Each structure stands twice: as structure tokens, then as C-alpha cells.
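This report covers the domain layout and the ligand site of one protein. The sequence and structure come first, followed by the description.

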Amino acid sequence: MKKALLILFIFLCYHHAQAEDGYHAWLRYTPISQPAILSAYRSQLASCYVPGKSPTDTAIRNELKLALPGMLQQSVSETNSIQNHTLVCARMQLLPTGLQQQLSSLVQPLDSNGYLLKTISYAGKNITIITAKSDIAILYGTFALLRIMQQQQPISNLQQQSSPTVKLRLLNHWDNLTRYVERGYAGISIWNWHTLPTYIDPRYTDYARLNASIGINGTVLNNVNASATILTRPWLLKVAAIANVLRPYGIKVYLSARFSAPIEIGGLHTADPLNDSVRTWWQQKAKEIYTIIPDFGGFLVKANSEGQPGPQSYGRTHADGANLLADALAPYSGIVMWRAFVYNPEASDRFKQAYEEFTPLDGKFHNNILVQVKNGPVDFQPREPISPLLGAMPKTPLLLEYQLTQEYLGQGTHLVYEAPLFKEVLETDTYANGKNSTVASIVDGELYHHTLSGITGVSNIGNERNWTNHPFGQANWYALGRLAWNPQLHADSIATEWIRQTFGCNPQLVNTIQQMMLQSRETVVQYMTPLGLHHIMGNGHHYGPAPWSNHAPRPDWDPVYYHKADRYGIGFDRTATGSNALAQYQPALAQHYSDSSTCDPHFLLWFHHVSWQHKMPSGKTLWDELCYQYNAGVKGIEQMQQQWTSIAGFIDKERFHQVSMLLDIQHQEAIWWRDACLAYFSSVNKLPVPAQYPMPAHNLEYYQQLKFPFAPGN
Ligand code: GCW
């Protein structure tokens with residue numbers, strides 16, 4: 001009997017140690033496996049001293065209590081003074097004067113969110129210190145130390161100073177009040193509105209921890225296609241309950257505001273931004289919000305876009321609308337993030353419309369407003385050139401919007417690491433103010449000396465146990481935070497640190513997964529939209545290929561609008577002979593794209609309508625190159641499958657199996673994309689798929705009749 005119990009106990013422990021459901025994401029705090037590192041950590045971090053008394057200090061203590069015993073497999077005592085081998089986490093003011101003097105030149109240059117990590121000897125004691133000017137910054141420093149330790153790197157000689165480059169590091173949830181998540185592929189919303197404000201899901205705290213660990217300091221809780229109900233008192237109380245959980249972690253809540261709320265919940269007959277009762281209504285609403293949530297961040301607004309109400313309905317401009325809300329929030333230091341994602345089918349090339357509507361308003365926005373711009377001119381495609389607005393509004397702080405949720409990147413089932421996409425955008429030189437006017441220098445506020453700056457990601461989080469459904473979706477959330485903290489970080493090093501924390505530190509495992517991640521974005525471009533194709537997915541749900549689609553309610557939702565393929569050629573002419581969208585870029589940038597014979601092939605069909613026989617830099621004709629790219633994309637996934645299989649021995653069974661199955665779906669869908677697109681384009685140009693490639697598995701009609709009435713996120 002005893003023996004049986006013992007076996008059961010061992011089994012349970014073993015099972016517990018092995019079970020990996022992904023819930024802890026990159027904060028797993030598993031035992032340090034390298035003996036030398038473990039013993040060094042154990043002796044260096046014999047105790048902790050966290051003298052602060054704020055809720056954030058409590059969060060720091062809680063995190064250390066969770067992390068250190070997990071990694072060191074021994075308890076770490078809390079002390080109330082600095083001893084030999086203590087980890088000290090304290091604001092400068094709480095340190096002994098002597099220590100303050102020793103550190104002041106290092107701490108002085110830090111921003112209020114910046115931290116110093118340092119090993120130092122003080123009064124004959126060797127200590128590890130995390131210090132800063134604020135408790136939130138200490139929390140960031142604590143997570144930075146834990147990040148190093150989870151990667152099993154030495155901490156015996158630390159000196160790291162780090163301040164965030166970008167002020168607002170945000171997530172945008174597209175979560176409806178019904179908990180349905182627009183473009184969400186990871187379950188329903190984590191915000192359980194029905195049980196709030198009384199029931200506080202422990203998950204809210206874990207959400208806060210994960211975000212704080214990567215420097216995220218704000219979150220917009222509800223969808224930009226907003227319901228005005230969120231601004232009513234009962235809902236504001238629910239929002240306040242979430243804000244209370246997030247506050248100690250340095251995360252402010254923001255809400256998407258529906259422009260017509262004064263009508264819908266205020267009983268007014270108009271939402272005209274120049275109407276006095278409308279102004280008063282918003283002022284009172286702001287006052288009410290700040291009484292309930294004293295540190296409320298502000299509003300995000302989608303106006304006059306895709307059917308949303310806005311100032312233009314009253315003959316007013318986006319600036320009039322934004323200023324109305326900004327003035328109401330200003331007394332409380334709130335901000336407005338006004339989205340530039342606007343387009344309408346009656347106007348010009350969709351590519352050009354945000355620029356056309358917004359550049360005339362530069363300088364007209366009040367100073368607590370940022371204009372929020374998607375990274376590309378159309379809509380989060382696998383590859384887009386940068387939005388021409390980036391660099392075209394010097395007087396307005398621009399907040400860069402990325403999409404973490406993979407609406408156009410294989411949705412919930414494709415492994416696509418987005419950091420290379422984020423970096424491609426950040427590193428693009430706009431030439432807006434001479435050379436080196438990169439997108440990074442615009443969105444971090446440096447180029448035009450703006451105090452407000454921001455980067456946001458449309459969240460890929462839902463109530464799936466592992467938050468993002470695809471285990472690798474977590475990497476995109478992670479990378480967004482890390483790059484918003486420091487846009488100069490590299491996609492490969494971010495991948496490495498994420499892998500080590502998420503999967504472990506075995507070098508073969510780390511290298512293999514890193515290769516998979518780094519190639520994944522290019523691979524998805526190849527099997528979905530190579531050579532600058534864009535917006536050729538299924539209508540509405542945006543799932544799968546539908547380049548033939550030409551019956552959408554608006555022409556600018558139709559793939560044929562974007563690829564313009566016919567018997568002779570393919571691509572959207574955006575040069576001077578076409579829509580001339582290229583003229584919206586600075587000449588030095590436009591020049592990269594303006595000549596079809598020198599245009600970077602990645603962007604060719606974004607800017608040129610070329611013949612199927614067009615000679616590509618590879619020497620192939622455009623048609624041959626297109627066939628090559630689609631096939632290379634499928635091969636890329638096959639390679640990822642092999643790479644994943646090669647590391648089976650290093651990964652827990654749960655996640656290994658989960659990712660294997662997802663890669664199978666991705667492989668099937670890559671083939672589907674390739675075959676459907678090539679079947680369609682070859683029906684248009686009457687050219688055969690070259691013999692060295694497989695023929696599409698089915699005829700075109702087969703792909704055209706596929707229906708997905710319940711595709712998620714729509
Ligand atoms: O990408 C498109 C999506 C819409 C979304 C819109 C936007 C929230 O298909 O679902 O609406 O963009 O960004 O406003």
C-alpha cells in the first residue's frame with residue numbers, strides 16, 4: 001500500500017512537472033538546470049529586501065516569492081535590512097544615503113520608468129540591487145532580472161541601465177461587451193463583464209504580470225467598433241475593477257469611445273462636436289469616469305470608418321472630433337488616440353485615403369492627442385510598405401498600430417513570428433526629415449520632439465488556457481512589448497530570449513526554434529501573397545484564399561480591386577501612370593519603388609501593373625517567379641515541420657503535440673493557398689503551372705465553392 005502511494009506521489013510530481021498548458025507563457029520559473037549557474041544564483045540571492053510599502057512593492061514581493069523558489073528550488077528569505085548576498089529592490093529614496101551616493105550617477109539619467117540592475121559591494125556586503133526613481137520601474141527591473149535568470153545567464157557582474165524609448169506601450173483589445181472578440185482566434189474575451197465588478201478572475205492579475213514583464217503600460221479594453229454602453233456607470237464600475245488589478249503593475253486602462261455616445265446613452269439629438277450640449281456631455285462624462293477611475297488613460301476612437309459614427313456626419317473634421325474628446329479629458333491628463341484607419345469606396349485608391357484625410361489636419365490636433373496609424377496603408381497584410389502618413393504629419397504625435405491577432409496571417413493556426421515584420425516597418429527610412437528619419441524615430445517621438453509617443457498591438461489574447469491559442473502567438477505579444485520598450489532590439493535576440501523562457505535553454509532547441517520563427521514571416525508571405533500581392537483572402541472572415549472574389553458589398557473589399565490580374569498582367573499601378581499613391585512618400589523613399597525594373601520584388605505588385613512576362617531579378621518571368629514563390633512557401637512549412645520534429649526530445653509532450661498538429665493545419669492551408677491562387681491566376685493568364693511544380697490538387701471551381709460560414713472572428 002505504502003509503495004503504491006509512493007509511486008502515485010512520484011507520478012503526480014512527475015506529471016505536474018511535465019504538464020505544460022502554456023498558461024504561464026514566458027513566466028514559467030522552472031528549476032535552473034545548469035548546476036554551476038544554480039549554485040551561483042543560490043549563493044548570490046540568499047535573501048530579498050523590498051522595503052517599499054506600495055501595492056507595486058507588494059507585486060514585486062509576490063513575483064519574487066513565486067519566481068525564486070521555482071528557479072532555485074529553495075526558499076529565499078525576506079529580510080528587513082541589507083545583508084550579505086541580498087537582492088535589494090528599492091527606489092533610490094529608500095536606500096541608505098551611502099548607497100544612494102554610490103549609485104546616483106547611474107540612476108540620474110534614467111527616465112521615471114527606467115531601472116538600474118547592478119551587483120555592488122556596499123558596507124562590506126555583496127548585494128544585487130534593482131533601483132530606480134519609481135516603484136513601477138523597480139517592477140520592470142525585477143522582471144528584467146528574472147528574464148536573465150530564466151535564460152540561465154550569469155548575474156554575478158551586472159550593470160544594466162534601461163529606460164523605455166516609447167511612452168505609451170499598449171494593447172488594443174477588439175473585445176466586444178458580449179465577450180466575442182472581433183478577429184479573435186483564442187476563445188472569448190478574458191474580460192468577464194457579466195461577473196465584474198464583484199468577481200475578480202485571478203487571470204486579470206496574470207495578464208497584468210505578463211504585460212508588466214514586457215513593459216506594456218496601457219490597455220484598451222474594448223473593441224474600436226465600440227458600444228456606447230461601456231461608458232455607462234454600471235460598466236464603468238466594471239472597468240474600475242479591472243483598473244484596480246492592473247494599477248499596481250503600472251498598466252492604465254483606456255476605453256474605445258463611440259462618437260455617437262451622447263445620442264445613444266446621453267439622450268441628445270446630435271453628437272456634433274461643435275454643439276455646446278455635446279461638449280458639456282463629454283465633459284461630464286469625463287468627470288464621472290475620473291471619479292470612478294482616477295488614473296483612467298483616455299479614449300481610443302475609430303470614427304467615420306467602416307460605418308462607425310464620427311464628426312464628418314456633421315460636416316466636421318477628424319480634428320474637431322478628436323479635440324472635443326481631448327478637451328474633456330485634458331483636466332485629468334487623459335489622452336485621445338484617434339485612428340487614421342479610414343477609407344471609403346467613393347474616394348480614391350484606398351491606399352491613399354488616410355493620408356488625404358489626415359495630412360491637411362496636421363497641427364490642428366490638441367496636444368493630448370495622438371493619431372493612431374496602422375503600419376501599412378491598407379490593412380495588416382503579410383507584407384505592406386509603410387503607411388505614407390508615417391513621416392507626413394510632423395506636428396502630430398503618431399501612434400503606430402500593429403496587429404498581433406493574425407487576421408491576415410493564418411489566424412489562429414499558423415506559426416508566424418511577427419517581430420521581423422515589426423522591425424521591417426520600424427527600420428524603414430521615411431526620409432521625412434532627411435536621411436535616417438526611420439519610422440522608429442517618428443513613433444518614439446524623437447524626430448519631431450514630441451513628448452507623447454506610442455506603439456500598440458491589436459491583442460491576440462483570449463480565454464484559451466494558453467492565452468493565444470497558438471503557443472507561438474505568445475511570441476508576438478512578447479515581441480510587441482519588448483520592441484515598444486526599445487525599438488532597436490533585434491527580432492532574433494527577442495526570439496532567443498522568448499524561447500529560452502518559454503521552452504528551455506538547450507542550445508539545439510533554442511537554435512532550431514529560432515530558425516523556425518525567423519523564417520516564418522517570409523514563408524507566410526510566400527504562400528499567401530508573394531511579390532507584393534495583397535488583400536486576396538476570403539471576404540468577410542478573411543480566412544483562406546479568394547483572389548477571384550468580386551462580389552463584396554464594396555469594391556475596396558474585393559481581391560480583384562487589389563491584384564487587377566487579367567490576360568496580360570497583374571498588379572496595382574500606383575505610379576504616376578496609375579493612382580500615383582507613390583507621390584505620398586518622400587521622393588527618396590518613393591524612388592525605391594517607382595521603377596518596375598528596380599523595385600524591390602517584395603513590393604512589386606503593390607506599386608506596378610506588370611506583364612506576366614516581366615523579367616524578375618532572378619531571371620525568371622513574373623509568372624514563373626510567382627509559381628516558384630508559392631511553392632517555396634509550402635516547402636518552407638515542410639522544413640518547419642522537420643525542424644520541429646527534430647527537437648521532439650527536448651520539448652514537453654503537450655506542447656510538442658499541439659504545435660505539430662497546428663503545423664499540419666498550416667501545411668494543408670499553405671498548399672490550399674498555393675493551389676487556389678495558382679489555379680485562379682493561371683485561369684486568368686492562360687499560362688500553365690510550370691512542369692517542375694505540382695498541379696493544383698483540384699480545379700478552380702472546387703476552391704471557389706468552399707464556404708466557411710462559421711469562420712472565427714468575423
Ligand atoms: O482589419 C480590419 C478588420 C476589422 C477591423 C478594422 C479596424 C475592428 O477586418 O475587423 O475592425 O480593420 O481596424 O478598424
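The centres of domain 1 and domain 2, taken over C-alpha atoms, are separated by 32 Å. The model is a predicted one. Across the boundary between these two domains, 25 residues of domain 1 are in contact with 28 residues of domain 2. The protein is divided into three parts: domain 1 covers 20-162, domain 2 covers 168-502, and domain 3 is made up of 525-572 + 609-704.

The ligand is found in the second largest pocket. Around the ligand there are 15 residues, of which Glu182, Lys302, Lys374, Asp379 and Glu407 come nearest. Sorted by class, this shell contains eight charged, four nonpolar and three polar residues.

Three side chains place an N or O atom at the following distances from an oxygen atom of the ligand.

| Side chain | Distance from N or O atom to ligand oxygen |
|---|---|
| Lysine 302 | 2.6 Å |
| Lysine 374 | 2.6 Å |
| Aspartate 379 | 2.5 Å |

Each of these pairs is a polar contact, because the N or O atoms lie within 3.5 Å. Taken alone, the ligand exposes 340 Å², and the protein buries 97% of that area.

Which residues come nearest to the ligand? They are Glu182, Lys302, Lys374, Asp379 and Glu407.

Note on methods. Residues are numbered from 1 along each chain as its sequence is written. This is a predicted model: local features need pLDDT of at least 70, side-chain atom pairs count only at pLDDT 80 or more; totals for chains, interfaces and linings use all residues. Side-chain values use heavy atoms; hydrogens and water are left out. A residue is near a molecule or strand if one of its heavy atoms lies within 4 Å of it. A polar contact is a pair of N or O atoms within 3.5 Å; within protein, one must be able to donate a hydrogen and the other to accept it, and residues adjacent in sequence count only if both atoms are side-chain atoms. Accessible areas come from the Shrake-Rupley method with a 1.4 Å probe; for residues, only the protein chains shown count as cover. On a 1 Å grid over the protein atoms alone, a cavity is a set of points where a 1.4 Å probe fits but cannot get out, and a pocket is an open set with protein on both sides within 12 Å along at least five of seven lines; lining residues have an atom within 4 Å of a point. A molecule sits in a cavity or pocket if more than half of its atoms lie within 2 Å of its grid points. Ala, Val, Leu, Ile, Met, Phe, Trp, Tyr, Cys and Pro count as nonpolar, Asp, Glu, Lys and Arg as charged, and the others, Gly among them, as polar. Domain bounds come from an automatic or database domain assignment. Contact means heavy atoms within 4.5 Å.
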